[in-house]
Structures are given as C-alpha cells and as structure tokens.
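The following exercises are to be worked with the sequence and the coordinates side by side. Try each task before reading the solution beneath it.

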Amino acid sequence: MLATDLDGTLVGNASSLKALLDFYDSQPYQVSLIYITGRHYQSALSLITEENLPVPHVLITDVGTGIYIGDQLQQDWEWTRRLEQSWNPEKIDLVASRISGLASQKLPITNRCSYFASDAAVVEAFGSALNTAGIPHKLVYSGGRDVDILPAGSGKGQALQYILDKYSLADAKLLVAGDSGNDVEMLTMGFPSVIVGNAQPELLEQAEHPSIYRAKQKYAGGIHEAWNHFYTD
C-alpha cells in the first residue's frame with residue numbers, strides 16, 4: 001500500500017512517475033493507492049485527470065479534512081461528521097482578520113481555513129490568538145508561507161490512521177511519502193516512510209528516525225527508491 005502526497009511527491013516528473021507505476025504493475029502483488037493531498041476535492045480530481053494517475057482506492061483531501069473512498073470516490077460522512085462537531089471557521093476567520101501579515105487563501109470549501117503568512121512570527125501570533133480565543137483547531141505550517149487551520153482531530157496523519165483502523169489495515173505493507181511540512185504528521189507515525197529528494201527545507205530538518213528513509217531521487221523516483229529499500233529483497 002502506498003499512501004502518498006501528490007504535488008511535489010508522486011507528481012512532478014513524468015518519466016519517474018511512469019517508471020514507478022510500471023514497476024508496481026510488474027509486481028506479483030497489488031499495490032493499493034491512498035492519495036493524501038492539500039488540494040480540495042475538485043482540484044485533486046483535475047490533477048488525477050491531467051497527470052493520468054490511477055484512480056486511488058482512497059482520496060484524502062484538504063490536508064486530511066476530506067476522505068473519499070472506492071471506485072466512485074464517495075465521501076466518508078462518518079469522518080466529516082466527526083470533524084464538524086467542534087469546527088467553527090467563522091470564528092477562525094475573525095481571529096485571522098486581526099493578524100497583520102496574514103492573507104486568506106480563497107478556497108471553494110469550508111472544511112479548512114487557509115492563509116498565506118509573511119513569516120513564521122505571524123504564524124506564531126496567529127496560533128497564540130486562536131488558543132487565547134479557546135477555538136479548537138490544528139495548525140499546519142508548510143512551504144514557508146502556507147498556513148492551514150484544520151478541525152481538531154484531523155490532519156494527514158489522523159486521516160490515514162482512520163482509514164487503517166476502519167479497514168483493519170495495520171499489518172499492511174505500507175509506504176508513506178511526502179515532501180513538505182504538512183506531511184510531517186503522516187511521515188512520523190512509525191510506518192516505513194520516505195522524504196523525497198526534492199523535499200521542502202522544513203521537512204529536511206526532521207530528526208533522523210529508522211522508519212524514515214531520505215531518498216536521493218526526486219518525486220516518484222524517491223518513492224521507487226524507498227520501496228526498493230523497504231520491500232525488495
């Protein structure tokens with residue numbers, strides 16, 4: 001099973017992507033695919049079409065706040081209802097409007113609040129303001145400018161764990177792949193994981209860990225390299 005971020009990880013180099021998919025097709029076992037992306041649902045579908053990616057068994061969108069399952073990628077309403085219980089995007093946007101150096105990312109969804117930050121100090125001030133206001137949330141900072149405020153209990157790692165629990169997949173041969181700060185949570189769950197060679201600086205600063213492989217190859221080439229490291233005799 002491959003649980004991978006899309007932009008900058010699985011997607012980014014057409015030849016290495018084709019080589020990875022051809023490699024999986026040639027194996028005597030089936031590799032199930034879980035895409036875990038910061039893109040919203042329609043944007044993720046567009047990328048899958050544009051890059052001619054296989055339709056995944058599970059699509060996790062919006063930094064772990066949306067889950068879609070099966071051939072038709074139907075929304076997992078159990079997950080959605082769980083996150084909605086303590087989610088208040090209007091209050092979050094109100095706090096954000098008072099933080100200098102923070103600009104809203106205009107997205108066609110309400111299951112996460114996303115902003116551009118001018119620097120890390122702005123992100124720290126925003127997080128402190130949300131805590132002072134007593135608003136349940138998870139803050140994810142990546143790429144040196146992207147700030148995602150998610151429902152408490154969500155995130156890429158939490159969403160992946162939910163799927164593993166829901167389908168009793170804890171014993172599956174799993175590789176987790178990512179390239180940026182919003183992938184940290186899922187890369188540090190203890191499963192075999194890969195930081196691809198083109199990773200963002202904040203991910204390269206992650207502490208060394210036996211379950212995390214640092215690939216020399218970029219994009220899908222790094223996934224291929226790590227798969228051979230963990231699962232090819």
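**Exercise 1. Salt bridges**

With which residue does K18 form a salt bridge, and how far apart are the closest N and O atoms?

Solution. Before starting, keep in mind that this is a predicted model, in which local features need pLDDT of at least 70 and side-chain atom pairs count only at pLDDT 80 or more, while totals for chains, interfaces and linings use all residues. Residues are numbered from 1 along each chain as its sequence is written, and side-chain values use heavy atoms, with hydrogens and water left out.

Step 1: apply the criterion, which asks for a side-chain nitrogen of Lys or Arg within 4 Å of a carboxyl oxygen of Asp or Glu. The partner of K18 is D22, with the closest N and O atoms 2.7 Å apart.

Step 2: place the pair in the secondary structure, where helices (H or I, at least four residues) and strands (E, at least two) are DSSP runs numbered from the N terminus. Both residues belong to helix 1 (residues 14-25) and are separated by 4 residues, about one turn of the helix.

Step 3: classify the accessibility, with buried meaning under 20% relative accessible area, exposed over 50% and partly exposed in between (1.4 Å probe, protein chains only). K18 counts as exposed because its relative accessibility is 52%, whereas D22, at 38%, counts as partly exposed.

**Exercise 2. A bridge between distant parts of the chain**

Locate the residues of the salt bridge between D76 and K166, and decide for each whether it is buried or partly exposed.

Solution. Step 1: the two side chains meet at 3.3 Å, N to O. The pair links distant parts of the chain, since D76 sits in the loop between strand 5 (74-75) and helix 3 (77-84) while K166 belongs to helix 6, 90 residues away.

Step 2: D76 counts as buried because its relative accessibility is 6%, and K166 is partly exposed at 34%.

Step 3: extend the view to helix 6 (residues 156-166), whose buried residues are K156, G157, A159, L160, Y162, I163 and L164. Just after this helix, S168 takes a positive phi of about 50°.

**Exercise 3. The sheet of 8 strands**

Which strands stand at the edges of the open sheet of 8 strands?

Solution. Step 1: write down the strand order, 5-4-3-2-1-10-11-12, and note that the pairing is mixed; two strands pair if DSSP finds at least two bridges between them.

Step 2: strand 5 and strand 12 (212-214) are the edges, because each has a single partner strand, so that one side of each is left without a neighbour in the sheet.

Step 3: examine one pair in detail. Strand 1 (residues 2-4) and strand 10 run parallel and are joined by 3 bridges, with T4 opposite A177 in strand 10.

Step 4: add the helix. Helix 2 packs on the sheet, touching (heavy atoms within 4.5 Å) strand 2, strand 3 and strand 4 (66-69), and its direction makes about 130° with that of strand 3; the axes are lines fitted to C-alpha atoms, for helices over the stretch in contact, and angles run from 0 to 180 degrees between N-to-C directions.

Step 5: look within strand 3 (residues 58-61), which contains T61. T61 counts as buried because its relative accessibility is 0%, and, leaving out residues up to four places away in sequence, it touches T37, R39, H40, Y41, A44, G66 and Y68.

**Exercise 4. The nonpolar cores**

Which members of the largest nonpolar core touch the most other members?

Solution. Step 1: a core is a set of buried Ala, Val, Leu, Ile, Met, Phe, Trp, Tyr and Cys residues joined through side-chain atoms within 4.5 Å. Of the 29 residues in the largest one, L2, L10, Y24, Y35, L53 and I223 touch the most other members.

Step 2: trace the origin of the members. Helix 1, strand 2 (33-36), helix 2 (41-50), strand 10 (175-178) and helix 9 (219-231) each supply at least two residues, and the largest share, 5 residues, comes from helix 1.

Step 3: list the contacts of L2, which, not counting residues up to four places away in sequence, are Y24, V31, S32, L33, I34, L175, A177 and I223. Apart from this core lies another, of 24 residues, among them V58, M186, I195 and L203.
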